[in-house]
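Here are my notes on this structure, set out as numbered points for someone who has not looked at it before. Please read them with the sequence and the model open.

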Amino acid sequence: MSRLDHVETLRREALRQIEAADSQTLETLRIEWLGRKSGQVTALLRSIPTVPAEERGAFGQAVNALKAEVTARLAERKAALAAPAQARAAVDVTMPGRQPALGRLHPITRAAREMIEIFGRLGFEVVEGPEVEDEWHNFVALNIPPEHPARDPLDNYYLDDRLLLRTQTSTVQIRVMENRPPPVRIIAPGRVYRPETVDAGHSNMFHQLEGLWVEQGVTFADLKGVLSMFARAFFGPDVRTRFLPSYFPFTEPSAELYVSCLLCAGKGCPACKRTGWMEIGGCGMVDPNVFEAVGYDAEEVTGFAFGFGIERPAMLKYGINDIRLLFENDLRFLRQF
Ligand SMILES: [Zn+2]
């Protein structure tokens, strides 16, 4: 092997070792190659004067180039190994941490949970049902015949001839009564859908809370007692309730539930149209036809049902004047709750 080939072989070996070195072995490598006493490059430099004169020039150049290259590569490698350590040192552990973004409950969720909690104290169990319903559960079993205006395709989101998005949570009452014998004491919170024109007071999707109590000897007095107690627990101890005769296909007798206006305490203001009262839901004694549809004996048990939107009571309670705010997901609004 010629002297130049030998220098080239050593060069490749030196570069390979430097590239593979870590911060611990790098200094050892430097001594091994460039060390003043026994470094391999140092030995080559010392051997230059012994090389025959005709080869000495080229050999000397090659060896000096090798020394320069090894020196440079060692420095590069040292810098590369030090870089991550510098990055670590750049983290200032005394800086305040990033504040984790805490979420909060949507006002509808808050209101619904509070309602569930109040009825839970009165022994009502929470049940849920599907949002896509068939006509039997949404209409027929609830004593709403085919010619009833509530079944108009323009007033419902039909998915096909048989299925629709439920327009009320009363469907859950039917499903529960079909599947278990009395006594039944349930509430069913959930979303319902109606093709309403969206404005400050209406949304085509909203939430309802439906209640049902069926047992021997349940009377209208129980209905009034439960709903009056709920109104005081939800709106405050001073709120008054009023039951106005009404009509629903699935209850007889039926009533609308009013609470005294929260804004004017019943004196009369624009929000309550100067009546002092605000309607929040409907209720009544379960119609015997409904019991018949689900196979209950109407001579044996009686019961009452009620239902109200969750949005309206929540808006009254939290002072919200536009239902659309609840569904626009504007954080400036939602952060207030
Ligand atoms: Zn008022």
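1. Status of the model. This is a predicted model, and the points below should be read with that in mind. Cys269 and Cys272 are both buried, and they also belong to the metal site described next.

2. The zinc site. Four cysteines supply the protein donors of the zinc ion, each through its SG atom: Cys261, Cys264, Cys269 and Cys272. The donors lie 2.2 to 2.3 Å from the zinc ion. Along the chain they follow the spacing C-x2-C-x4-C-x2-C. The angles among the four donor atoms run from 103 to 115°, and the site is tetrahedral.

3. The largest nonpolar core. This core has 45 residues, and the members that touch the most others are Phe119, Leu209, Leu227, Phe235, Phe304, Phe306 and Phe308. Several elements each supply at least two residues to this core, including helix H5 (107-121), strand S5 (205-215), helix H8 (220-235), strand S9 (302-309) and helix H10 (311-318). Helix H8 gives the most, with seven residues.

4. Phe304 and the second core. Which residues does Phe304 touch, leaving aside those up to four places away in sequence? Its contacts are Gly211, Leu212, Trp213, Val218, Thr219, Asp222, Leu223, Val226, Gly284, Met285 and Val286. There is also a second, separate core of 23 residues, and Leu142, Ile186, Leu212 and Phe250 are among its members.

5. Helix H10. This helix is mostly covered, with six of its eight residues buried. The buried ones are Glu311, Pro313, Ala314, Met315, Leu316 and Tyr318. They pack against H5, S5, H8, S8 and S9. Just after H10, Gly319 has a positive phi of about 70°.

6. A buried acid without a partner. Asp287 sits in the loop between S8 and helix H9 (288-294). Asp287 is buried but has no salt bridge, and the nearest side chain of opposite charge, that of Arg151, is 14 Å away. Not counting residues up to four places away in sequence, Asp287 touches Asn143, Pro249, Phe250, Thr251 and Glu252. Phe250, one of these contacts, is also a member of the second core.

7. A salt bridge within one helix. The structure holds 15 salt bridges. One of them joins Glu8 and Arg12, whose closest N and O atoms are 3.2 Å apart. Both residues lie in helix H1 (residues 3-20), four residues apart, about one turn of the helix. An α-helix has 3.6 residues a turn, so residues three or four places apart point the same way. Glu8 counts as partly exposed because its relative accessibility is 29%, while Arg12 is exposed at 58%. Glu8 and Arg12 also take part in a network of salt bridges with Arg11, Glu69 and Arg73.

8. Salt bridges across the chain. Glu131 pairs with Arg191 in a salt bridge, with the closest N and O atoms 3.1 Å apart. Glu131 lies in the loop between strand S1 (125-126) and strand S2 (132-134), and Arg191 in strand S4 (residues 184-193), so the pair ties together parts that are 60 residues apart in sequence. Both are partly exposed, Glu131 at 27% and Arg191 at 36%.

9. The Glu135 and Arg151 pair. Where do the two partners lie along the chain? Glu135 is in helix H6 (residues 135-138) and Arg151 in the loop between H6 and strand S3 (163-165), 16 residues apart, and the pair links distant parts of the chain. The closest N and O atoms of this salt bridge are 3.7 Å apart. Is each partner buried or partly exposed? Glu135 counts as partly exposed at 21% relative accessibility, whereas Arg151 is buried at 10%.

10. Asp155. This residue is in the loop between H6 and S3. Asp155 is partly exposed, with a relative accessible area of 41%. Its contacts, not counting residues up to four places away in sequence, are Pro149, Ala150, Thr167 and Pro195. Asp155 and Ile280 are 125 residues apart in sequence, and their C-alpha atoms are 21 Å apart in space.

Technical notes
Residues are numbered from 1 along each chain as its sequence is written. This is a predicted model: local features need pLDDT of at least 70, side-chain atom pairs count only at pLDDT 80 or more; totals for chains, interfaces and linings use all residues. Side-chain values use heavy atoms; hydrogens and water are left out. Donors are N, O and S atoms within 2.8 Å of the metal (3.2 Å for Na, K and Ca); water is not among the atoms, so sites may look incomplete. Four donors count as tetrahedral if all angles lie between 85 and 135 degrees; four count as square planar and six as octahedral if opposite donors are over 155 degrees apart and all others between 65 and 115; anything else is irregular. Buried means under 20% relative accessible area, exposed over 50%, partly exposed in between (1.4 Å probe, protein chains only). A nonpolar core is a set of buried Ala, Val, Leu, Ile, Met, Phe, Trp, Tyr and Cys residues joined through side-chain atoms within 4.5 Å. Contact means heavy atoms within 4.5 Å. Lys and Arg count as positive and Asp and Glu as negative; His and the chain ends are not counted. A salt bridge is a side-chain nitrogen of Lys or Arg within 4 Å of a carboxyl oxygen of Asp or Glu.
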